[in-house]
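These are my notebook entries on a structure that is new to me. I wrote each one after looking up a single topic, beginning with empty space inside the protein.

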Amino acid sequence: MTVGNIYVIAATSVIGGALFGFDISSMSAIITTLPYKCQFNQQGNDPQTGQCRGPDDVVQGGITAAMPGGSWLGALISGFLSDRFGRKYTIQIGAVIWVIGSILVCASQNIAMLIVGRIINGFSVGICSAQVPVYISELSPPSKRGRFIGMQQWAITWGIAIMFFVCYGSHFIDGKAAFRLPWGLQMIPAILLFFGLMVLPESPRWLAKHDRWEEAKSVLVLVHGQGDPHSALVAKEMAEIKDAVDFERANADVSYIELFRPRMINRTHIGLFTQIWSQLTGMNVMMYYISYIFTMAGQGSDLLPSGIQFIINVVMTVPALIWLDRWGRRPTMLVGAFFMTLWLCVNAGLFAVYSRPATPDDHFDTAAISMVISGRPATAVIASTYLFVASYAPTWGPVSWTYPAELYPLRVRGKAVALATSANWAFNFALAYFVPPAFANITWKTYVVFAVFCFCMFWHTFFMFPETANKTLEEVAAIFEDQGPGSLKHIGVPAWKTHNDRSIVRLERNLVSSEEKIDIQHENNDPKM
């Protein structure tokens with residue numbers, strides 16, 4: 001039996017996103033705990049207190065960065081796997097790799113073994129994070145595509161929150177089980193993902209690309225037509241898919257080089273920078289090292305303030321799931337960039353004015369905890385950090401996964417989204433390594449760096465990122481064609497001239513007139529369909 005409910009399809013496949021979330025909090029909640037420091041005690045014991053000091057800031061940066069490093073490679077390879085084996089089976093491959101990596105991480109005896117396990121885990125996350133949005137985008141109705149791809153980000157936030165509180169409960173356990181238990185439990189969602197995908201359909205666009213037309217139409221009828229083979233939406237989509245496949249077969253075979261040719265370079269740069277900017281906001285690295293920030297604010301011994309941040313992340317992603325397709329992509333990204341710039345500037349100002357340098361008397365075990373702030377300014381830092389998360393969660397969080405999967409024509413979509421996602425992981429890797437030494441060396445100016453990135457992100461989005469909401473994937477591809485009136489060479493329709501048109505909702509709800517249905521049927525006259 002194949003499940004055709006798009007909510008079930010999306011909810012199952014985005015478990016792949018939860019794997020990334022599990023990794024974030026399984027590291028951020030553990031790096032300050034004593035059992036972790038003693039197991040990976042690279043610095044030896046503190047001569048005054050006798051306590052384990054764990055890895056230094058550079059080594060900890062390397063341990064943290066191992067996962068996004070593996071993800072970068074996994075995302076790049078996922079394009080080839082997806083085009084060859086299909087979207088669904090590629091995600092299942094990622095689930096199996098995650099289980100293998102989790103076994104190594106759970107059993108790690110030293111830093112080298114931990115890094116190898118995290119690289120393998122990252123390889124899995126790279127595959128899933130690149131291909132889950134492609135899979136969902138090719139199955140979702142246009143008017144709800146943002147909601148369903150955005151569920152990937154919601155799954156990430158749930159993964160972060162669930163694993164954080166698992167780690168919070170485990171930190172009361174004495175001994176190595178305090179970190180081995182959560183690292184072992186993170187295998188469970190990958191197992192659920194693997195078996196859950198068995199009852200889900202393959203992407204109809206991938207099936208059509210491989211001349212499996214009857215299967216492609218059956219999937220569209222099941223998912224979009226509610227079982228009606230005469231659905232106007234199904235007829236429209238099949239016609240557009242056939243046109244896209246015919247056009248693509250008249251062109252050369254796809255390689256990554258094609259993504260950098262003049263007709264494709266603009267959308268390639270947009271997809272890459274959507275993922276790059278989402279990292280340069282500083283959100284994910286702040287999640288990794290949130291315990292450092294709260295330790296500076298006097299909350300280091302209590303994990304619960306960090307837990308509140310993760311709950312905010314979950315709750316504030318919900319508005320995007322409900323209204324992202326109504327808001328549109330451009331306004332959502334612009335508003336998010338503005339407010340993140342604001343809160344980063346507030347934190348920079350608070351630390352610059354009210355903090356003091358950390359001293360040996362503070363007994364911090366890493367140079368990354370380089371400042372101490374207390375009193376009302378410390379409370380303001382925590383509040384501003386929460387507001388930063390509340391600004392990211394409904395904006396760049398879900399849009400950074402939704403937007404790249406919408407930009408490309410079918411023939412390059414798998415590889416193009418894989419390349420964009422690999423940029424996410426390349427910058428995640430670099431920033432995970434950068435943040436501990438940055439806090440150690442430039443202290444509060446670290447916030448200024450990320451604020452400048454968010455400011456640049458706002459204007460880049462305004463001038464170059466077109467609106468894609470409520471358009472079929474084939475209609476989005478047409479935005480970038482530079483032959484129409486008012487189009488710019490190699491760019492297409494100027495971004496600020498694109499708008500969110502929700503007329504597609506009438507077609508999805510079968511509210512089109514009989515004359516419109518006849519026109520659609522005339523377009524769809526290929527015998528393969």
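**Cavities.** I began with enclosed space in this predicted model, and the count came to eight cavities of 30 Å³ or more. Rolling a probe the size of a water molecule over the atoms is what shows where empty space is left. For the largest cavity I noted a volume of about 80 Å³. I then looked up its lining, which consists of I31, T32, Y36, K37, R53, G54, P55, Q60, Y292, D365 and T366. Sorted by character, the lining residues of this largest cavity divide into four nonpolar, four polar and three charged.

**Helix 9.** Next I turned to helix 9, which covers residues 187-196, and listed its buried residues as M187, P189, A190, L193 and G196. I asked myself which helices these buried residues pack against. The partners are helix 1 (6-13), helix 2 (15-28), helix 5 (87-106), helix 6 (111-139) and helix 8 (177-185).

**Aromatic pairs.** How many aromatic pairs does the structure hold? I recorded 27 of them, and I picked out F294 with Y386 to look at in detail, where the ring centres are 6.1 Å apart and the planes stand at 90°, so this pair is edge-to-face. F294 belongs to helix 15 (residues 290-296) and Y386 to helix 18 (residues 375-392), so the pair ties together parts that are 92 residues apart in sequence. I also checked exposure for these two, and both F294 and Y386 are buried.

I then took F439 and Y447, whose ring centres lie 6.0 Å apart with the planes at 65°; an angle over 60 degrees counts as edge-to-face, so this pair is described in that way. F439 is buried, and Y447 is buried as well.

Continuing with rings, I found a cluster in which ring pairs link F458, W459, F462, F463 and W496. One member of this cluster, F462, also has the charged end of R330 sitting over its ring, 5.6 Å from the ring centre.

**Positive phi angles.** I looked up two residues that have a positive phi although they are not glycines, beginning with Q226, where the angle is about 50°. Q226 is placed in the loop between helix 11 (213-223) and helix 12 (232-249). Is Q226 buried or exposed? I noted a relative accessible area of 64%, and since anything over 50% counts as exposed, Q226 is exposed.

The second is H490, with a positive phi of about 65°, and its place is in the loop between helix 22 (473-479) and helix 23 (504-508). Its relative accessible area is 34%, so I entered H490 as partly exposed.

**Two further positions.** I looked up P319, which lies in helix 16 (residues 304-327). Leaving aside its neighbours within four places in sequence, P319 is in contact with L324 and W327. I also compared its position with that of R118, which is 201 residues away along the chain, and found the two C-alpha atoms separated by 32 Å.

My last entry concerns G282, found in the loop between helix 13 (265-280) and helix 14 (283-288). With a relative accessibility of 0%, G282 counts as buried. From G282 to N121 I noted 161 residues in sequence and 22 Å in space, taken from C-alpha to C-alpha.

How values were computed
Residues numbered from 1 in each chain as written. Predicted model: local features only at pLDDT ≥ 70, side-chain atom pairs only at ≥ 80, totals over all residues. Heavy atoms only, no water. 1 Å grid on protein atoms, 1.4 Å probe; cavity = no way out; pocket = protein on both sides within 12 Å on 5 of 7 lines; lining within 4 Å. Points joined across faces, edges and corners; volume = space filled by probe spheres on them. Nonpolar A, V, L, I, M, F, W, Y, C, P; charged D, E, K, R; others polar. Buried < 20%, exposed > 50% of the residue type's maximum accessible area, 1.4 Å probe, protein only. Helix = DSSP H or I, 4+ residues; strand = E, 2+ residues; numbered from the N terminus. Contact = heavy atoms within 4.5 Å. Phe/Tyr/Trp six-rings, centres within 6.5 Å; stacked < 30°, edge-to-face > 60°. Lys NZ or Arg CZ within 6 Å of the ring centre and 35° of its normal.
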